[in-house]
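Student: I have not met this structure before, and I would like to work through it slowly with you. Could you put it in front of us?

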Amino acid sequence: MSPVPVVERRRPSLTPVLRARLRTSAALSARSGEPDRAAVAELRASGLLALAVSEAYGGAGGGAAEVNRMVEEVAVVNPSLAIIAFQHCSVAARIGEWGSAAQKAQLLPRLANGTWLAASAWSEGGGRGGAGGPRSTAVREETGGWVLHGAKAFTTGACLADLYLVQVRDARPAVEPVPGGSPRPTFFVVPAAAEGLAADLGLDLAGMRGSATGTVSLTDCRVRDANRLGAVGAGQEIVAGAHRSGASLGAVAVGIAQAALDEVTGYAHRHGLMGRQSFRYRLAELTTRLEASRAMVERAGAGTAPRPDLATLHSKLFASTAAEDICLEAGRLMGSAGYSSESAMAGLLADARGVALMGPSNELCHRLLAVSLLGRDHAVAEEPDEEPEAAVFRI
């Protein structure tokens with residue numbers, strides 16, 4: 001008897017039509033500073049956001065490697081929407097890992113088909129979103145529910161998301177802190193329609209102009225205990241799991257660097273510069289750095305490193321740093337054309353800088369990696385001293 005052929009489910013892909021639409025959207029948002037809601041709707045309907053959701057809940061069942069590839073591909077044409085897609089997949093993955101059966105059944109099908117868009121609301125002014133613990137609090141009521149208070153800064157997808165993954169701390173002073181004195185964080189999944197939750201797009205960013213990055217305020221925001229993701233105080237374990245997953249914001253940086261190289265290469269061909277050996281040598285150096293970044297992101301996504309959590313941090317730190325350097329040098333190779341407001345290079349450089357500031361910020365990556373050098377007794381999720389606000393732009 002012949003073996004039954006294995007039919008692989010086709011993964012969603014970025015079609016040429018959607019690619020062109022996202023590229024046009026990026027140009028519109030660069031001028032307006034506003035998210036292109038129509039393009040976001042097309043992204044939601046594309047099936048790409050289903051990658052991180054199990055097939056059991058209507059998703060595509062992809063892993064970190066596939067999410068990284070998709071995010072890179074989107075970032076080549078629209079870094080802002082790549083960030084939104086990355087965050088959506090990250091939240092979906094956290095629910096898949098830590099959610100209750102009821103949470104998975106209720107939320108994951110909606111996240112898979114794009115009915116709901118998810119966003120992370122972790123960061124706070126002053127840099128406490130990932131360092132020092134959150135200031136936002138959760139107060140347990142006698143009924144068993146919770147009342148959330150606080151404000152989250154630099155939330156990507158604010159005013160677009162239907163669901164936020166919010167990090168808070170238990171307001172009770174008797175709760176045991178983590179080593180170093182920081183309160184143990186807890187995560188909640190909070191619908192955008194929840195009473196007491198308000199999102200605002202008051203930030204005017206230099207880069208990531210279409211990312212809908214703003215603030216989320218929680219004022220007497222009442223949620224049920226069923227909205228809690230994981231155990232009370234398990235926030236650090238959830239964050240550490242996100243690092244171990246291999247899904248890396250470095251993928252966004254790789255896409256931006258690829259776009260910069262495409263831009264300068266096209267310029268060189270149009271102006272006859274490829275005949276110059278010195279120009280080609282400089283371009284080859286940039287291409288090598290891009291390929292190194294891509295390899296690090298791919299290794300993180302594959303989960304083959306001895307410490308997958310460290311590989312994710314390394315890939316984000318290296319790729320985002322390289323992307324800034326590549327954009328800057330590519331602009332120099334284009335001369336005055338790279339400095340023109342009509343050139344895409346300035347926007348790409350600002351976008352690359354934004355990735356360096358996103359969570360975990362490069363400053364925090366440095367600190368966590370430095371802690372890891374002390375040995376395995378020091379967990380990567382250990383909280384360092386508070387970062388200066390200027391070093392933080394976490395999503």
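Student: Leaving aside its neighbours within four places in sequence, which residues is Ser25 in contact with?
Tutor: Keep in mind as we go that this is a predicted model. Ser25 is found in helix α1, which covers residues 16-32, and at 1% relative accessibility it counts as buried, because buried means under 20%. Once the neighbours within four places in sequence are set aside, the residues in contact with Ser25 are Asp36, Ala39, Asn78 and Leu81.

Student: How many of the residues of α4 are buried?
Tutor: Helix α4 runs over residues 79-98, and at 1.5 Å a residue its 20 residues should span 28 Å, which agrees with end C-alpha atoms that are 28 Å apart. The helix is largely enclosed by the rest of the structure, and this follows from the number of its 20 residues that are buried, namely 17.

Student: How far apart are the end C-alpha atoms of helix α8?
Tutor: Helix α8 takes in the 26 residues from 277 to 302, and at 1.5 Å a residue these should span 38 Å. The model agrees with that expectation, since the end C-alpha atoms of α8 are apart by 37 Å.

Student: What covers the buried residues of α8?
Tutor: The buried residues of α8 include Phe279, Leu283, Leu286 and Leu290, and also Arg294 and Val297. Just after the helix comes Gly303, whose phi is positive, near 70°. What covers the buried residues of α8 includes α3 (64-77), α7 (250-270) and α9 (308-333).

Student: At what angle do α7 and α9 pack, and how are they arranged?
Tutor: The axes of α7 and α9 are 8 Å apart, and the angle between these helices is about 15°. Because angles under 35 degrees count as roughly parallel, that makes α7 roughly parallel to α9. Among the residues that meet are Gly250, Ala253 and Tyr267 in α7, and Ser315, Ala319 and Leu333 in α9. As for the handedness, α7 passes α9 in a crossing that is left-handed. To restate what you asked for, the angle is about 15° and the arrangement is roughly parallel.

Student: Among contacts in the chain between residues at least 6 apart in sequence, what percentage join residues at least 24 apart?
Tutor: The chain has 395 residues, of which buried residues make up 55%, and its secondary structure comes to eleven helices and eight strands. When contacts between residues at least 6 apart in sequence are considered, the share that joins residues at least 24 apart is 75%.

Methods:
Residues are numbered from 1 along each chain as its sequence is written. This is a predicted model: local features need pLDDT of at least 70, side-chain atom pairs count only at pLDDT 80 or more; totals for chains, interfaces and linings use all residues. Side-chain values use heavy atoms; hydrogens and water are left out. Helices (H or I, at least four residues) and strands (E, at least two) are DSSP runs, numbered from the N terminus. The expected span of a helix is 1.5 Å times one less than its number of residues. Buried means under 20% relative accessible area, exposed over 50%, partly exposed in between (1.4 Å probe, protein chains only). Contact means heavy atoms within 4.5 Å. Axes are lines fitted to C-alpha atoms, for helices over the stretch in contact, and angles run from 0 to 180 degrees between N-to-C directions. Angles under 35 degrees count as roughly parallel, over 145 as roughly antiparallel, 65 to 115 as roughly perpendicular and the rest as oblique. A crossing is left-handed if the near helix is turned anticlockwise from the far one by less than a right angle, and right-handed if clockwise.
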